[in-house]
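The exercises below take one chain from backbone detail to overall form. Work through each task before reading its solution.

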Amino acid sequence: PEVQRKFKERAEQILREGAVGFGEMTAEHFAGGTAYQYAPADHPLFLLLADISAEHGAPIVLHMEAVPQDMPLPADLKSPPNPPRLHENISAFERLLSHNPRARIIWAHLGSDNTGYRTPDLCRRLLDAHPNLYMEIKVDPLSLGKNSPMADGKIKPEWRELFEDFPSRFIIGTDQHYGPGEDPFKGPQRWQTVVSLVNQLPPGLRRKILEENAARLYGFNSDM
C-alpha cells in the first residue's frame, strides 16, 4: 500500500506539472540500446496507473512486444542480454485494457515487431474487443519489423484494411531520434517513410491518423 500511495502521488504530481500522458512505459522491451525490460502488463502498478489515467484523461503509451504464448526467444535476437524464453503477455495486456475501460492505452510501435506475432489479425481482435485500445505507428526504413505495414514502398492490403476499419484508433509515433551534433537529415528518416504511408490513404483517414486522433487523445487543437 505504501508503494502504491507514493506511486499515485508521483504520477499526479507529474500531471500537475503539465504532462498530458504517461509513456513510454514498458512491459516487454528487448535489449538494444537499453537493457532487457519486462513487467507483466497487469502488474498492480500498471493497473493503478490505468485508474489514474482514467481519472485524469491522460493516455498511457505502452511498449510491448507481442508474445501470444510462452516461447523461445526468436533466433535473430541474442541471449544474453535477452532471456532464452519469453512469457506469454497478451492475456495480461487484455487484463490491463479491461481493468478500467476509461483508461486509454496506446500500444506503441506498430510496424516494429520483433517476434513476428503483432499481426493484423491480432491487432484486429484486440481493437474489436477493447474500445480503449489505440495503436501508434512506427515504420523504420532501416529496420522494418516482421509485420511492417509497408512493402516495397506500398501499404500492405491487410494493414490498409485495418486502418480503414478502425479510423479513429491509430496515431503516428515515429520514434525518431535526434541528438546533439547529429545531422537530422542524414540518411533515411522514419518520418519520410511515414509520410509515404499516409499519402497512400484517403484524405479523411490521413487527417485522422496524422492529426485528429492524437488531438482527441491528448486534448489539443488539431487546427494549431
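A residue is called buried under 20% relative accessible area, exposed over 50%, and partly exposed in between (1.4 Å probe, protein chains only). The model is predicted, so local features need pLDDT of at least 70 and side-chain atom pairs count only at pLDDT 80 or more, while totals for chains, interfaces and linings use all residues. Residues are numbered from 1 along each chain as its sequence is written, and side-chain values use heavy atoms, with hydrogens and water left out.

**Exercise 1.** Compare the settings of the non-glycine residues His-109 and Asp-152, each with positive phi.

Solution. Start with the angles: phi is about 70° at His-109 and near 55° at Asp-152. Next, place the residues. His-109 belongs to strand β6; helices (H or I, at least four residues) and strands (E, at least two) are DSSP runs, numbered from the N terminus. Asp-152 sits in the loop between β8 (150-151) and β9 (154-155). Last, take accessibility: His-109 has a relative accessible area of 6% and is therefore buried, whereas Asp-152 has 82% and is therefore exposed.

**Exercise 2.** Locate the cis peptide bonds that end at Glu-24 and Pro-80.

Solution. The bond from Gly-23 to Glu-24 is cis, with omega near 0°. Glu-24 is part of strand β1. The bond from Ser-79 to Pro-80 is also cis, with omega near -15°. Pro-80 falls in the loop between β4 (71-72) and β5 (85-86).

**Exercise 3.** Describe the surroundings of Leu-86.

Solution. Leu-86 is a residue of strand β5. Its relative accessibility is 2%, so Leu-86 counts as buried. Then list its contacts (heavy atoms within 4.5 Å). Leaving aside residues up to four places away in sequence, Leu-86 touches Glu-28, Phe-30, Tyr-36, Val-67, Gln-69, Asp-70, Met-71, Leu-73 and Pro-74. As for Pro-68, 18 residues away along the chain, its C-alpha atom is 9.7 Å from that of Leu-86.

**Exercise 4.** Which residues of helix α3 are buried, and what covers them?

Solution. Within α3 (residues 90-99), the buried residues are Ile-90, Ala-92, Phe-93, Glu-94, Leu-96 and Leu-97. Their cover includes α2 (44-56), β3, β6, α4 (120-129) and β7 (133-137).

**Exercise 5.** Characterise the largest pocket by volume and lining.

Solution. A pocket, on a 1 Å grid over the protein atoms alone, is an open set of points where a 1.4 Å probe fits, with protein on both sides within 12 Å along at least five of seven lines; lining residues have an atom within 4 Å of a point. The largest pocket holds about 540 Å³ of space. Its lining has 28 residues, and His-63, Glu-65, Ser-112, Asn-114 and Lys-138 lie nearest its centre. β1 (22-29), β3 (60-64) and β6 (105-110) are the elements that give two or more residues to this lining. Sorted by class, the lining has seven nonpolar, eleven polar and ten charged residues.

**Exercise 6.** Assess the chain as a whole, beginning with its helices and strands.

Solution. The chain has seven helices and ten strands. Its radius of gyration is 18 Å, close to the 17 Å of the globule rule for 224 residues, so the chain is as compact as a globular protein of that length. The radius is taken over C-alpha atoms, and the rule is 2.2 Å times the number of residues to the power 0.38. Of the 224 residues, 43% count as buried. Among contacts with a separation of 6 or more, 73% join residues 24 or more positions apart.

Terms used
Grid points are joined across faces, edges and corners, and a volume is the space filled by probe spheres set on the points. Ala, Val, Leu, Ile, Met, Phe, Trp, Tyr, Cys and Pro count as nonpolar, Asp, Glu, Lys and Arg as charged, and the others, Gly among them, as polar.
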